[in-house]
Amino acid sequence: MSDAIVIDHLTKYYGQREIVRDLCLRIPTGSIYGFLGRNGVGKTTTIRTLLGFEEPTRGSTQILGEDSRHLKPETRARIGYLPEGHFVYRWMTVAECGKFQASFFPDWNQEIFEAVISHFRLTPKMKAGHLSRGQRAGLCLALTLAPEPEVLVLDDPALGLDPVARRNLLQSMLYIMRKPDRTILFSSHLLSDVERVADRIAILDGTTLSVDSTIEYFREHLCQYVLRFEQTPPAAPELDGLLESFRSDRELFVTLANPDDKTEAALRALNPKSMEPVELSLEDAFISYVGDHGEKTFFTKDLGAA
Amino acid sequence: MKSIIWKEFRETVWWALLLALIFTVAQLYPLFFASTYVYAVSSYQGFGMLDSTYLLVTLFGAAGIGLILGFLQILPERNADRWATLLHRPMPPETVLLSKLIAGTGAYVLAVAPAFLLVLYLVLTPGFTAYPSVPEMALAAVANLLGGFLYYLAALATGLAGRVSVMRRLLPLVVAMLGSSWLVEADYFSTAAWGTLFLAVLLGLSAWSALRHAQSPSRSPWMSRAGAVLVGFYAASAVGAFFSTLFVMAMPKTPYVSQRYETLADGAEVIVTRRNNITTAIDHLDGTPYTTDQSQFAKLTESTIGLSRVSSYIGEAHGWKPGQSRRYYRRAYTYLQELASAQVPVPQQWFWIRETRTAIGYELPAKQAIARFTPQGFVPVDDAKPFPEDMKVRGISGEQLLVTGPHLAAVASIVSRKMAVLTDDATQPVYGADDFYIPSSRGKRLFAVAFAGHLSIYEKNGTLLAQLPYTQDVSRWGRVSVGVNADQTRFYVGYNPSRFLPVSERRQMPTFVDQVTQEGEVLTSTRRLPLPKQTSSKPIYRYVLETFESPTYFFGTLLYQKIGGDLGDKRLAKLLRAALGPYWPSTRFKGILLVIASVLLAGLTWWLARRGELDRKAARNWALFVLLTNLPGLVAFWLLANWPPRAPCPSCGRLRRLDQPTCPHCGAGWENLPSHPAEIFDRPQEPNNATPASTS
């Protein structure tokens with residue numbers, strides 16, 4: 001299967017500040033990709049570069065086989081883009097927004113537009129400026145989906161939405177996948193949403209790509225061990241893939257990436273009373289992965305001080 | 001595209017209407033209230049659409065409207081994601097810009113046109129304003145409105161600029177200000193309009209360049225970049241000229257010494273020497289001091305007998321024609337001239353309208369025309385017949401007008417509405433006429449008319465006071481002037497070389513002043529030899545400033561003069577002859593200086609460009625540009641070159657381009673990212689630096 005999106009050794013600087021470094025990512029046609037990372041790691045910059053609104057400092061990006069810097073209008077028509085913020089022209093009605101957007105897309109599907117806006121309980125005569133945040137997101141999604149794009153790029157689409165609006169958004173987003181060979185790349189901080197819809201995830205960690213895998217693979221390769229001791233637990237040993245460790249009165253929690261027999265043996269060498277692996281949710285796994293690495297000592301220190 | 005135009009227009013139309021309302025009120029205020037109608041106005045203050053306050057309002061108002069509309073179209077949408085939403089549509093970004101431009105132009109017209117048309121209607125309709133107007137008087141306002149459009153374009157270009165320095169952002173606004181100064185200083189409307197059009201094209205290209213540059217600095221079309229570079233050049237030139245002027249004003253002035261002949265009140269002929277316009281000596285013609293008492297200088301020079309020029313030649317013109325006076329399109333006197341304004345005892349004001357060659361009187365409080373002055377004398381307003389083509393109002397004494405034609409001289413009284421014909425004889429051509437002051441008479445004047453053989457002096461009511469026969473060869477000394485002493489017993493008639501003689505010849509010829517009685521008896525005749533030409537040396541800083549002018553402009557001007565002269569333009573041919581003749585040393589010196597300075601600065605540009613790691617092609621183009629444009633070009637280069645971002649090389653520590661794969665100094669690539677044990681990939685990753693880097 002061909003790749004709908006190819007990011008090839010993308011490096012991006014703003015002035016002297018490095019935003020993204022040597023990012024390589026291939027998104028196969030027909031997949032849903034969750035693009036994750038903490039704030040400021042370059043997700044939006046990558047998306048903007050991908051859509052040709054920024055120029056790469058080094059490397060290149062392609063979308064639907066075309067260099068992002070020279071996207072033809074016809075190619076752009078095949079790409080749906082929903083930036084964060086859900087911008088609409090506040091003076092237009094919902095119907096006017098649709099009519100305005102439809103004038104640019106020859107393959108505009110009015111049925112989809114109407115289906116999505118009704119899903120968000122919008123009526124054509126409502127003024128865009130009077131819509132709630134969730135309704136505005138729905139309108140924007142309707143405007144993005146109605147041209148039936150082959151590639152859908154969404155930059156934190158659920159930001160600030162309530163759970164119902166988020167669910168509606170996801171359902172509408174998935175509607176596009178009813179047709180074959182449709183691809184979605186979306187960035188989000190809402191891991192439950194990602195878990196619900198994404199086939200694969202890519203995680204940017206400190207300007208570089210650290211994870212590119214299926215969700216299952218990611219969770220399988222991230223493991224937390226709980227080691228119980230008779231006395232105050234020792235510090236976690238220096239281990240390859242150690243993400244974080246945390247000590248309580250009698251327990252040592254160790255989170256590791258890519259654990260193997262060697263790491264387990266090293267943990268057992270601490271002579272715990274018991275040691276058991278804990279399955280992490282995607283959210284916990286993500287937080288452990290992109291959070292500050294090393295031993296979390298603040299809590300024990302506070303207790304000690306008390 | 002229609003949709004975007006509609007959207008843009010819809011977003012600005014209410015602002016445009018609001019601005020139109022404010023602009024209309026702002027324009028009507030000076031028209032009806034600021035120039036109070038109960039007092040006479042003057043040509044310098046302007047009338048109607050040339051009223052100085054009205055012009056200020058249109059100049060600054062249009063600029064403000066242009067800026068507001070331009071920024072309104074860009075800034076609210078300039079947020080990165082909002083802008084991306086706008087541009088992420090299946091159309092080139094140029095379509096968005098063009099749509100904004102079309103809608104913005106429409107909004108601008110909507111904002112400025114109603115006020116303009118309303119004012120035009122009011123000033124051209126009798127009964128609304130207390131002064132006449134001709135349609136051409138609207139040209140200055142039209143120019144101001146065109147100037148405002150430059151600010152609109154500049155706001156677009158400034159707003160569209162991406163991550164660039166503030167200086168670079170402001171360049172289009174500086175060029176818009178330059179445009180305003182061009183149109184204010186231009187002599188002719190066509191010059192102002194062409195200049196504005198030229199800058200509008202540059203600013204439009206600059207906006208295009210800003211749009212593309214924000215997205216992809218290295219991929220802007222060459223035409224848009226050329227426009228942006230020229231905007232940079234003109235902005236740098238304008239700022240340079242501004243600071244040069246400040247510098248020249250701050251520098252000590254070179255003393256300027258001048259000498260001229262004067263006739264003192266007692267009839268003595270003297271040479272007055274002035275240094276920086278302050279009298280330093282008054283000498284007899286033989287060089288002996290008239291007085292050494294410096295406290296007397298001011299009193300003596302204030303009461304000299306001024307000679308008013310009556311004719312340019314007498315007899316044969318030898319092909320010479322009076323030069324066309326500058327028809328400065330922003331001055332009321334180009335179209336009409338106020339007559340005897342301060343002297344009319346009733347609140348009336350009279351205007352000489354050049355176009356219709358009649359004079360028209362207004363009663364100011366009623367804002368009504370009351371009469372016209374025509375060859376038939378004073379007639380009702382609607383019963384006007386124009387004077388012959390070359391009829392002129394030569395002089396004004398009180399409320400009396402002196403008007404002359406080829407054979408006609410007449411004095412018209414505005415108050416009594418009567419015209420006294422002084423001469424109307426086809427066999428007696430009139431070579432000129434003027435009014436002149438009677439000293440110590442509180443502004444009283446006499447009229448002089450130059451005939452073939454004598455000068456006739458009239459009182460203001462038309463009574464012949466004296467006939468003064470010429471005593472010199474007026475076929476060569478035909479530039480006759482006249483003055484009178486306080487008790488009107490002595491007339492002073494000056495004879496200067498006729499205007500048709502070449503300047504070089506005139507400079508060598510003496511002049512004469514006769515003292516003549518009222519009866520025409522010549523009491524004395526003084527021969528004035530040409531005084532040595534005064535020169536002032538140019539200070540060195542002037543040369544320094546000139547060194548940084550554009551050589552393209554300097555040599556281009558010479559070429560323009562050469563081509564124009566070859567095509568028959570006498571003025572240009574004359575200018576070229578002067579530059580290559582009497583001023584050749586100065587021309588050559590300046591030319592050499594400019595070439596040396598440009599070559600040095602072009603070399604500096606090349607060095608800076610290569611040092612900043614611009615590629616060879618860009619460095620060469622910029623060096624060539626600076627070679628043609630000198631220092632302003634260097635400033636434009638500094639501000640506008642696409643300086644590649646650089647950082648210290650991790651290998652050798654020297655600065656290297658971030659967009660290049662290898663270091664030009666040590667050849668190292670970028671540091672490979674070490675793979676770390678926490679990476680999670682379920683498929684193999686491509687090796688680092690496997691593909692060539694993009695270049696810019």
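This is a short talk on how two chains, A and B, are put together and how they touch.

Okay, before anything else: this is a predicted model, so please hear everything I say with that in mind.

Let me start with chain A. It has 306 residues, and 47% of them are buried. In secondary structure, chain A has 11 helices and 15 strands. The C-alpha trace spans about 70 × 40 × 40 Å along its principal axes. For those of you who think in contact maps: take the contacts in chain A between residues at least 6 apart in sequence, and 71% of those join residues at least 24 apart.

Now a strand I'd like you to find, E11 of chain A, residues 222-228. Is E11(A) mostly covered or mostly open? Mostly covered: 5 of its 7 residues are buried. E11(A) has two antiparallel partners I want to show. With strand E13(A), residues 251-257, there are 7 bridges, and Leu222(A) stands opposite Ala257(A) there. With strand E14(A), residues 274-278, there are 5 bridges, and on that side Leu227(A) sits opposite Met275(A).

Right, on to the cores. In soluble globular proteins, nonpolar side chains tend to be buried together. Here the largest nonpolar core has 147 residues. Which of them touch the most other members? That would be Val175(B), Leu203(B), Ala207(B), Ala448(B), Ala450(B) and Val482(B). Helix H5(B), residues 139-160, gives the most to this core, with 16 residues. If you click on Val482(B), its contacts beyond four places in sequence include Leu307(B), Phe436(B), Ala448(B), Phe491(B) and Tyr492(B). Ser308(B) is on that list of contacts too. And there's a second, separate core of 84 residues, with Val41(A), Leu82(A), Leu243(A) and Leu267(A) among its members.

Last bit, the contact between the chains. Chain A puts in 48 residues and chain B puts in 37. On the chain A side, the elements that supply at least two residues each include strands E1 (3-14) and E2 (17-28), along with helix H8 (215-220). Which element gives the most? E10(A), with 6 residues. By type, the chain A side divides into 20 nonpolar, 16 polar and 12 charged residues.

E10(A), which covers 208-214, also pairs across the contact. It runs parallel to strand E25(B), residues 680-681, with 2 bridges joining them. If you want a spot to zoom in on, Val211(A) stands opposite Ile680(B) in that strand.

That's my tour, over to you.

Technical notes. Residues numbered from 1 in each chain as written. Chains lettered and ligands numbered in written order. Predicted model: local features only at pLDDT ≥ 70, side-chain atom pairs only at ≥ 80, totals over all residues. Contact = placed C-beta atoms within 7 Å. Helix = DSSP H or I, 4+ residues; strand = E, 2+ residues; numbered from the N terminus. Nonpolar A, V, L, I, M, F, W, Y, C, P; charged D, E, K, R; others polar. Pairing = 2+ DSSP bridges. Core = buried A, V, L, I, M, F, W, Y, C linked by C-beta atoms within 7 Å. Buried ≥ 20, exposed ≤ 12 C-beta atoms within 10 Å, placed from the backbone.
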